[in-house]
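Dear colleague,

I am handing over the structure we spoke about, together with some notes on what was found in it. Please read the notes with the coordinates open beside you.

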Amino acid sequence: MPTPVRTRELKDKKRRGEKIAMLTAYDANMARLLDRAGVDALLVGDSVGMVMLGYANTVPVTLDAMIHHTAAVSRGTERALVVADMPFLTYQLNTEQALR
């Protein structure tokens, strides 16, 4: 099994001036392909609203939708670090709400 990418490794790559590959994925199949290709990190962006869910913008994307797509990407990934956006109004109001 491949060794998972951690934030420390990305920091070390940056310090050494190495390139970091980060691409967007919204489902397990794309995550699996990108992971096997050697991508360092996968972003589950709130752009899932427009790309996969048919919304005109990112505002209607819920935290539940982000959790759903992030879980799918995580299931398709063995090595890449998975990073997810927090959707609109999940952190803008105050720190306590963001942590909740």
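What follows goes from the whole chain to one helix and then to a few single residues.

Please keep in mind throughout that this is a predicted model, and that the values below were computed from it.

**The chain as a whole**

The chain contains five helices and three strands, and when these are read along the sequence they give the pattern α-β-α-β-α-α-β-α. Taken along the principal axes, the box filled by the C-alpha atoms is roughly 35 × 30 × 20 Å. Of the 100 residues in the chain, 31% are buried, while the accessible surface comes to about 6,800 Å², with 56% of that area belonging to carbon and sulfur atoms. If one considers the contacts between residues at least 6 apart in sequence, 52% of them join residues that are at least 24 apart. As for charge, the chain has 13 positive and 11 negative charges, and the mean positions of these two sets lie 6 Å apart.

**Helix 4**

Helix 4 covers residues 63–75, and its length can be checked with a short piece of arithmetic: because its 13 residues at 1.5 Å a residue should span 18 Å, the distance of 18 Å found between its end C-alpha atoms agrees with what is expected. Which residues of helix 4 are buried? They are Ala65, Met66, His69, Thr70, Ala72 and Val73. Viewed down the axis of helix 4, these buried residues fall within an arc of 155°, and they therefore line one face of the helix. The exposed residues Asp64, His68 and Arg75 are on the other side of helix 4. What covers the buried residues of helix 4 includes two helices, helix 2 (28–36) and helix 3 (48–51), as well as two strands, strand 2 (41–44) and strand 3 (81–84).

Two residues of this helix can be looked at individually. His69, which is found in helix 4, has a relative accessible area of 10% and is therefore buried. Leaving out residues up to four places away in sequence, His69 touches Tyr26, Val44, Val48 and Leu53. Ala71 also lies in helix 4, but with a relative accessibility of 28% this residue counts as partly exposed, because that class takes in values between the 20% limit for buried and the 50% limit for exposed residues. From Ala71 to Leu81 the separation is ten residues in sequence and 13 Å in space, C-alpha to C-alpha.

**Two loop residues**

Asp46 sits in the loop between strand 2 and helix 3. Is Asp46 buried or exposed? Its relative accessibility is 18%, so Asp46 counts as buried, the limit for that class being under 20%. Once its neighbours within four places in sequence are set aside, Asp46 is in contact with Thr58, Val61, Met66 and Asp85; of these, Met66 is also among the buried residues of helix 4.

Ala37, for its part, is located in the loop between helix 2 and strand 2, and at 62% relative accessibility Ala37 counts as exposed. Ala37 and Ala80 are 43 residues apart in sequence, and their C-alpha atoms are 9.9 Å apart in space.

With kind regards

Note on methods. Residues numbered from 1 in each chain as written. Predicted model: local features only at pLDDT ≥ 70, side-chain atom pairs only at ≥ 80, totals over all residues. Heavy atoms only, no water. Helix = DSSP H or I, 4+ residues; strand = E, 2+ residues; numbered from the N terminus. Expected span 1.5 Å × (residues − 1). Buried < 20%, exposed > 50% of the residue type's maximum accessible area, 1.4 Å probe, protein only. Arc of directions from axis to C-beta. Contact = heavy atoms within 4.5 Å. Areas by Shrake-Rupley, 256 points an atom, 1.4 Å probe, with all protein chains shown as cover. Lys, Arg positive; Asp, Glu negative; His and termini not counted. Charge placed at Lys NZ, Arg CZ, Asp CG, Glu CD.
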